[in-house]
Amino acid sequence: MALIYGKTAKGLAEIETRAHRLMPRMRSALILADGKRDVDDLKTLVTQQADETLRALVEQGFIEAVGETVPPPAAAAPAGTVASSELENTRRAAVRALTDSIGPAAEMMSIKMEKAKNLAELTPLLRQATQTIAAMRGRAAAEAFGKRFGVG
């Protein structure tokens, strides 16, 4: 399970006032800690010194763990064995991660992912998404996406 980080009262105040004059990388990470993204998503989006940045935000009291994610189902399972709710959760998480990673450029691929009826249809799309992320955001972001969805 991965932790989900959200802003503390101090973090919310910093967004509004900029009183602590955080470095741009730390401010960006603070903004991204929305209480919905897990630590893996945040590390994908905060590409430079992600671990150190998130650790500093926690230690300084700007963000805190607000929950944990349930791990996605293994992508290597045979197509007929994944329950439809698990497939839906994986599909939804992949679309969100792709959109968070590359923005509007993810629209067409996201539509294809949403139409996937089973894991056999979704897996090649996840591989394609990983390649697209690599081209647009770099190898580290692509590896994180691929690892998360079992297509790395």
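Lys-147 sits in helix 8, which spans residues 139–148. The model described here is a predicted one. With a relative accessible area of 72%, Lys-147 is exposed, because exposed begins over 50%. Its C-alpha atom is separated from that of Thr-130 by 9.6 Å. Along the chain, Lys-147 and Thr-130 are 17 residues apart.

**The aromatic pair**

Phe-149 lies in the segment after helix 8. Is Phe-149 buried or exposed? It has 3% relative accessibility, so it counts as buried. The cut-off for buried is under 20%. Phe-145 is buried as well.

How many aromatic pairs does the structure hold? It holds 1. The partners are Phe-145 and Phe-149, and their pair is tilted. Their ring centres are 4.9 Å apart, and the planes make an angle of 50 degrees. Planes from 30 to 60 degrees apart fall in the tilted class, so this angle fits it.

Phe-149 also has a distant partner in sequence. Ala-94 is 55 residues away from Phe-149 along the chain, yet the two C-alpha atoms are 7.3 Å apart in space.

**The whole chain**

The protein has 152 residues, and buried ones make up 40% of them. Its secondary structure comes to 8 helices and 3 strands. Read from the N terminus, the order of elements is β-α-α-β-α-α-β-α-α-α-α. Among contacts with a separation of 6 or more, 66% join residues 24 or more positions apart.

**Helix 4 and what covers it**

Helix 4 runs over residues 50–59. Which of its residues are buried? They are Ala-50, Thr-53, Leu-54, Ala-56 and Leu-57. These cover an arc of only 160 degrees around the axis, so they lie on the same side of helix 4. The cover over these buried residues includes helix 2, helix 3 and strand 3, the last being residues 63–68.

Helix 2, residues 24–32, packs against helix 4 at an angle of about 75 degrees. The axes of the two helices are 10 Å apart. Helix 2 is therefore roughly perpendicular to helix 4. The range for that label is 65 to 115 degrees.

Which residues of helix 2 meet helix 4? Arg-25, Met-26, Ala-29 and Leu-30 do. On the side of helix 4, the residues met are Thr-53, Leu-54, Ala-56 and Leu-57. By type, the residues of this contact divide into 6 nonpolar, 1 polar and 1 charged. Thr-53, Leu-54, Ala-56 and Leu-57 thus appear both in this contact and among the buried residues of helix 4.

**Positive phi angles**

Most residues other than glycine have a negative phi. The table lists residues with a positive phi.

| Residue | Phi | Place |
|---|---|---|
| Arg-18 | about 60 degrees | loop between helix 1 (9–17) and helix 2 |
| Gln-49 | about 50 degrees | loop between helix 3 (39–45) and helix 4 |
| Gly-61 | near 85 degrees | following helix 4 |

Arg-18 is not a glycine, and neither is Gln-49. Is Gln-49 buried, exposed or partly exposed? Its relative accessibility is 47%, so Gln-49 counts as partly exposed. Gln-49 is in the loop that leads from helix 3 to helix 4, while Gly-61 follows helix 4.

Key. Residues are numbered from 1 along each chain as its sequence is written. This is a predicted model: local features need pLDDT of at least 70, side-chain atom pairs count only at pLDDT 80 or more; totals for chains, interfaces and linings use all residues. Side-chain values use heavy atoms; hydrogens and water are left out. Axes are lines fitted to C-alpha atoms, for helices over the stretch in contact, and angles run from 0 to 180 degrees between N-to-C directions. Helices (H or I, at least four residues) and strands (E, at least two) are DSSP runs, numbered from the N terminus. Angles under 35 degrees count as roughly parallel, over 145 as roughly antiparallel, 65 to 115 as roughly perpendicular and the rest as oblique. Contact means heavy atoms within 4.5 Å. Ala, Val, Leu, Ile, Met, Phe, Trp, Tyr, Cys and Pro count as nonpolar, Asp, Glu, Lys and Arg as charged, and the others, Gly among them, as polar. Buried means under 20% relative accessible area, exposed over 50%, partly exposed in between (1.4 Å probe, protein chains only). The arc is that of the directions from the helix axis to the C-beta atoms. Rings of Phe, Tyr and Trp (its six-membered ring) pair if their centres lie within 6.5 Å; planes under 30 degrees apart count as stacked, over 60 as edge-to-face and the rest as tilted.
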